[in-house]
Amino acid sequence: LRFYSMNFENVGVVESSLDELLPQSEDNWTAYPKGMVWAFNQKGHEISQGFDMVLYGNIPNGSGLSSSASVEVVTGIMLRDLFGYDELSNTDLALYGQYSENQYNGVNCGIMDQFAIAMGKKDHAIFLDTSDLSYEYAPIKLDGARIVIACSNKKRGRGDSNYNERRSECETAPAEIQKV
């Protein structure tokens, strides 16, 4: 496996082997595509040969705008197409991305980021019920309006933040409240 990101030119080409799909701190951005290869294998969709992958994205890295989910989903689309797993839907790829992020990258994220990336539709919002993945598209007309995203220049990465701890606290809170 050879990975190159035009967003991280200084990292150069990162090589790995199908036999070495274990999370490593030096993986940097390649943890996301490697995690998807791992997830495909875990889910019974074998990736049997290596490949070269070049990426470029315009979602600011570490900004909280789903850059990791975008890498996971685009990797899933590439693997689906390259290895002929046509039966996998975009929803499946979103779930594989979540599984990869949870189990390979160690971030206990929900499905929203991967789902929004995989299922996004121009000029529409998605009403998503994360409990069963039912969804509806809602047309949005933003004539004359703009969505502004401000950059704080504060990079964030879920794996190196307190994300998992905050999520665990939020999941525990309802049970604690019911005791009162």
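**Notes on the helix pair, the sheet and one loop residue**

1. Let's start with the helices of this predicted model. Helices H2 and H3 lie oblique to each other, because their packing angle of about 125° falls outside the ranges for roughly parallel, antiparallel (over 145) and perpendicular (65 to 115). H2 covers residues 67-83 and H3 residues 90-104, and their axes are 9 Å apart. The crossing of H2 past H3 is right-handed.

2. Which residues meet where H2 packs against H3? From H2 come Ser-68, Glu-72, Gly-76, Ile-77 and Arg-80, while H3 offers Asn-90, Leu-93, Gly-97 and Glu-101. By type, the residues of this contact are two nonpolar, four polar and three charged.

3. Now to the strands. The sheet is open, with three strands ordered E2-E1-E3 and mixed pairing. Strand E2 (14-15) and E3 are the edge strands, each pairing on one side only. Strand E1 (residues 2-5) runs parallel to E3, and four bridges join them. If you would like a spot to look at, Ser-5 has Leu-55 in E3 as its bridge partner.

4. Finally, a loop residue to click on: Gln-49. Where does Gln-49 sit? Its place is in the loop that links helix H1 (31-42) with strand E3 (52-55). Leaving aside residues up to four places away in sequence, Gln-49 touches Leu-18 and Phe-83. Ser-17 is 32 residues from Gln-49 in sequence, yet their C-alpha atoms are 9.4 Å apart in space.

Definitions and conventions: Residues are numbered from 1 along each chain as its sequence is written. This is a predicted model: local features need pLDDT of at least 70, side-chain atom pairs count only at pLDDT 80 or more; totals for chains, interfaces and linings use all residues. Side-chain values use heavy atoms; hydrogens and water are left out. Helices (H or I, at least four residues) and strands (E, at least two) are DSSP runs, numbered from the N terminus. Contact means heavy atoms within 4.5 Å. Two strands pair if DSSP finds at least two bridges between them. Axes are lines fitted to C-alpha atoms, for helices over the stretch in contact, and angles run from 0 to 180 degrees between N-to-C directions. Angles under 35 degrees count as roughly parallel, over 145 as roughly antiparallel, 65 to 115 as roughly perpendicular and the rest as oblique. A crossing is left-handed if the near helix is turned anticlockwise from the far one by less than a right angle, and right-handed if clockwise. Ala, Val, Leu, Ile, Met, Phe, Trp, Tyr, Cys and Pro count as nonpolar, Asp, Glu, Lys and Arg as charged, and the others, Gly among them, as polar.
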